[in-house]
Amino acid sequence: MADSHDHDHDHHDHGDEPDHAHHDFGPVAFALITVSTSRSLDDDPAGDAIVAAVGDDGGSVATRELVDDDYDGIQGRVNSLVNRDDVDVVVTTGGTGVTPDDVTVEAVDPLFDKRLPGFGELFRARSREEVGTRVVATRATAGVIEGVPAFCLPGSENAASLGAEIVTAEAGHLAGLAKRDEDVEDENADDGDSDTDADSDSDES
């Protein structure tokens, strides 16, 4: 009886949730940044794994870049890429650990308009199966910047592959919702301008 009650309760809750599926879009165009002072794009197993996952999901990579482990450099590139019309999602790989030169999270986090803690939680939960308690050193994170979802993945090939699996599964959905939020904000801003114009006309008359 308890199981039946729980099932009915869950069904009721799901029925109250809004249907966001119609906001999904695709194919999704990614910008990929490898953060490393020692690697090159020709020697980038983590980046290659992300590109493969994107292709397998039917997406595309609009640009693939290499940035040194530098706070200003990382932040500047991410900030630039989210403003490109041909980029729907930004993914970084590398610099999410705890060594002194791991500054990707510090550089990207201030740019987030909204954070997506569920991504890091899920990534660490799934990573624990492979690395055990060492998962506590993983700071993979995600958020939305200017209507564009951005994900910071670790620099190891296995971790990047796992992260990319999660990212590609939800990228279209998140990008559609994030752009919808941005459109709503733009519409509200336009409405505000209209009200201001109306008040101005009223004052003049």
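**Exercise 1. Which side chain meets Arg39 in a salt bridge?**

Before solving it, a word on the model. This is a predicted model, in which local features need pLDDT of at least 70 and side-chain atom pairs count only at pLDDT 80 or more, while totals for chains, interfaces and linings use all residues. Residues are numbered from 1 along each chain as its sequence is written, and side-chain values use heavy atoms, with hydrogens and water left out.

*Step 1.* Start with the rule: a salt bridge is a side-chain nitrogen of Lys or Arg within 4 Å of a carboxyl oxygen of Asp or Glu.

*Step 2.* Arg39 meets Asp43, with 3.4 Å from N to O.

*Step 3.* Now look at accessibility, where buried means under 20% relative accessible area, exposed over 50%, and partly exposed in between (1.4 Å probe, protein chains only). Arg39 is partly exposed at 35%, and Asp43 is partly exposed at 42%.

**Exercise 2. Find which parts of the chain the Glu106 and Arg139 pair links.**

*Step 1.* The side chains of Glu106 and Arg139 form a salt bridge of 2.7 Å, N to O.

*Step 2.* Place both partners: Glu106 sits in helix α4 (residues 104-108), and Arg139 in the loop between α5 (117-131) and β5 (141-145). Helices (H or I, at least four residues) and strands (E, at least two) are DSSP runs, numbered from the N terminus.

*Step 3.* The partners are 33 residues apart, so the pair links distant parts of the chain.

*Step 4.* Glu106 has a relative accessible area of 36% and Arg139 one of 23%; each is partly exposed.

**Exercise 3. Place two further examples within the salt-bridge count.**

*Step 1.* The count comes to 8 salt bridges.

*Step 2.* One joins Arg115 and Asp109 at 2.8 Å, N to O, and Asp109 is partly exposed at 24%.

*Step 3.* Asp44, Asp48 and Arg64 form one network through salt bridges that share partners.

**Exercise 4. Work out which element gives the most to the largest nonpolar core.**

*Step 1.* A nonpolar core is a set of buried Ala, Val, Leu, Ile, Met, Phe, Trp, Tyr and Cys residues joined through side-chain atoms within 4.5 Å.

*Step 2.* The largest one has 23 residues, and Phe30, Ile50, Val89, Val91, Phe119 and Phe151 have the most contacts inside it.

*Step 3.* Elements supplying at least two residues each include β1 (29-35), α2 (45-56) and α6 (157-204). The answer is α6, with 8 residues.

*Step 4.* Another core lies apart from this one; its 19 residues include Val82, Val87, Leu111 and Val148.
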